[in-house]
Amino acid sequence: MSPFLDLPPLSAAQFAAIEDRVAALLHTSADVIVTQGEALLPLEAAIRGAAHPGSTALNIVTGPYGQTFGNWLRSCGAEVVDLAVPFDGAVSAGQVARALAADPGIDFVSLVHAEAATGNTNPVAEIAAVVRAHGALLMLDAVASVAAEPLLTDEWGVDLCVIGGQKAMGGPAGVSAVSVSERAWERIAANPAAPRRSYLSLLDWKERWTDAGRTVLPHAPAQLEMLALDACLDRIEADTLASTIARHRAAAAATRAGVRALGTLAPYVHRDEHAAPVATTVRTPSGLHAAELVGRLDPALPVQPGGGPLAAGMLRVNHYGTAASLETVRSVLTALADALPGTDSARATAAAAEAWDATVAAV
């Protein structure tokens with residue numbers, strides 16, 4: 001008998017309990033809807049629910065997902081103001097405040113907390129404060145930050161917070177979630193262009209599930225993915241969220257220190273405070289294509305070339321879930337040293353261990 005087949009049905013009570021556990025992870029008392037698909041589903045649902053002709057959105061672009069959000073916002077008929085910064089750094093709250101002051105009509109802000117594709121992370125608490133002072137709604141893509149860095153949804157004033165299970169949570173890609181504040185629900189309900197009778201409709205979920213008492217599921221749940229999500233929450237709870245976050249921070253700090261010690265590589269994100277704990281991006285030497293370097297490594301290692309226009313000159317070292325360990329960091333650095341002539345793996349792994357210990361001690 002396969003452990004993946006012939007399972008008893010997932011009940012509405014189990015589904016609701018998982019939603020409640022996600023809400024606790026997000027530190028929110030707002031409604032949480034667990035969506036049956038990869039995180040692009042609730043991200044697009046949130047944008048199409050809140051954006052419409054006549055609205056003005058500030059779209060903060062610090063990586064490829066910000067570019068995607070801008071395309072969705074424009075397709076909804078919203079006027080879009082892009083605030084784009086170099087992908088090797090972070091946006092500041094001051095930059096956001098200036099953009100909002102320049103266009104008082106902005107009523108929606110989209111922001112990525114951490115960009116796994118570029119390895120940067122943005123100061124959400126400070127940005128959220130200026131967005132709330134302006135009176136706009138804030139949608140946060142926290143897919144690559146949840147379980148890797150603090151995420152205080154209610155305290156920061158995030159109106160729409162989207163997560164997925166496949167990165168720092170170490171879980172499935174086929175299930176995701178969004179928390180929706182009261183202000184966001186009011187905005188979506190007032191939008192005549194918000195999706196209805198659609199897989200992208202958050203209002204359908206609210207009316208048929210949340211407001212109906214969460215006793216009858218609107219459709220058959222993705223059972224395996226829901227059980228895997230529940231298992232990831234078990235693991236985070238057993239490890240504690242604080243320890244899980246500390247491991248990811250330490251893994252990123254250790255990788256950055258080790259890469260610098262190798263000498264032939266360099267972190268893609270220049271400043272340590274702008275580097276995301278979930279993934280470390282690395283610049284490859286001039287003339288060496290990232291895919292060629294990855295091809296020299298053990299495919300079991302959590303290393304891949306960058307995507308799109310970054311593919312030629314960037315490596316990404318993922319610290320997803322259990323890969324956020326000193327052992328994994330050492331294995332990656334040793335493999336890179338073996339693949340690059342003139343590098344010293346002992347020096348790199350020693351630097352990584354020192355950075356790991358210092359980061360854990362500081363948390």
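A crossing of two helices is called left-handed if the near helix is turned anticlockwise from the far one by less than a right angle, and right-handed if the turn is clockwise. In this predicted model, the crossing of α1 and α9 is left-handed, while the crossing of α10 and α13 is right-handed and α12 likewise passes α13 in a right-handed crossing.

## Helix packing

Two packed helices are described by the angle between their axes and the distance between the axes. The table sets out these values for three pairs.

| Helix pair | Angle between axes | Distance between axes |
|---|---|---|
| α1 (residues 12-25) and α9 (residues 223-239) | about 40° | 10 Å |
| α10 (residues 241-262) and α13 (residues 345-362) | about 150° | 7 Å |
| α12 (residues 326-339) and α13 | about 155° | 9 Å |

With an angle of about 40°, α1 and α9 are therefore oblique to each other. On the α1 side the contact is formed by Phe15, Ile18, Arg21, Val22 and Leu25, and these residues meet Met226, Leu229, Asp230, Leu233, Asp234, Ile236 and Glu237 of α9. Sorted by class, the residues of this contact between α1 and α9 comprise eight nonpolar and four charged ones, with no polar residue.

Helix α13 takes part in the other two pairs, packing with α10 and with α12. The angle between α10 and α13 is about 150°, and angles over 145 degrees count as roughly antiparallel, so α10 and α13 are roughly antiparallel to each other. From α10, the residues that make this contact are Arg247, Arg249, Ala250, Ala251, Ala253, Ala254, Ala257, Gly258, Ala261 and Leu262, and from α13 they are Arg347, Ala348, Ala351, Ala352, Ala355, Trp356, Thr359 and Val360. The contact of α10 with α13 holds 13 nonpolar, two polar and three charged residues.

For α12 and α13 the angle is about 155°, which makes α12 roughly antiparallel to α13 as well. Here Leu326, Val329, Arg330, Leu333, Thr334 and Ala337 of α12 are met by Ser345, Ala348, Thr349, Ala352, Ala353 and Trp356 of α13. The residues of this contact between α12 and α13 fall into eight nonpolar, three polar and one charged. Ala348, Ala352 and Trp356 of α13 are listed among the residues that contact α10, and these three residues also appear in the contact with α12.

## Two buried threonines

Thr281 lies in strand β11 (residues 279-283) and, because its relative accessible area is 2%, Thr281 is buried. When residues up to four places away in sequence are not counted, Thr281 touches Ala116, Ala117, Thr118, Gly119, Pro267, Tyr268, Val269, Met314, Leu315 and Arg316. With one of these, Thr118, there is a polar link, in that the side chain of Thr281 reaches the backbone oxygen of Thr118 at 2.7 Å. A further spatial relation involves Pro305, which is 24 residues from Thr281 along the chain, with 9.2 Å separating the two C-alpha atoms.

Thr28 is placed in the loop between α1 and β1 (31-35), and at 11% relative accessibility Thr28 also counts as buried, because buried means under 20%. The side chain of Thr28 makes a polar contact, at 2.7 Å, with the side chain of Asp154. Apart from neighbours within four places in sequence, the residues in contact with Thr28 are Ala23, Thr153, Asp154 and Ser179.

## Partly exposed positions

His27 belongs to the loop between α1 and β1, which is also the place of Thr28. The phi angle of His27 is near 55°, a positive value in a residue other than glycine, and at 40% relative accessibility His27 counts as partly exposed.

Another positive phi, near 80°, is found at Thr240, again in a residue other than glycine. Thr240 sits in the loop between α9 and α10, and its relative accessibility of 37% makes Thr240 partly exposed.

Ala97, by contrast with these loop residues, is found in helix α4 (residues 93-102), and at 31% relative accessibility Ala97 counts as partly exposed. The C-alpha atoms of Ala97 and Ile127 are 7.9 Å apart in space, although the two residues are 30 residues apart in sequence.

Definitions and conventions
Residues numbered from 1 in each chain as written. Predicted model: local features only at pLDDT ≥ 70, side-chain atom pairs only at ≥ 80, totals over all residues. Heavy atoms only, no water. Axes fitted to C-alpha atoms, helices over the stretch in contact; angles between N-to-C directions. Helix = DSSP H or I, 4+ residues; strand = E, 2+ residues; numbered from the N terminus. Parallel < 35°, antiparallel > 145°, perpendicular 65-115°, else oblique. Contact = heavy atoms within 4.5 Å. Nonpolar A, V, L, I, M, F, W, Y, C, P; charged D, E, K, R; others polar. Buried < 20%, exposed > 50% of the residue type's maximum accessible area, 1.4 Å probe, protein only. Polar contact = N/O pair within 3.5 Å; in protein donor to acceptor, adjacent residues only side chain to side chain.
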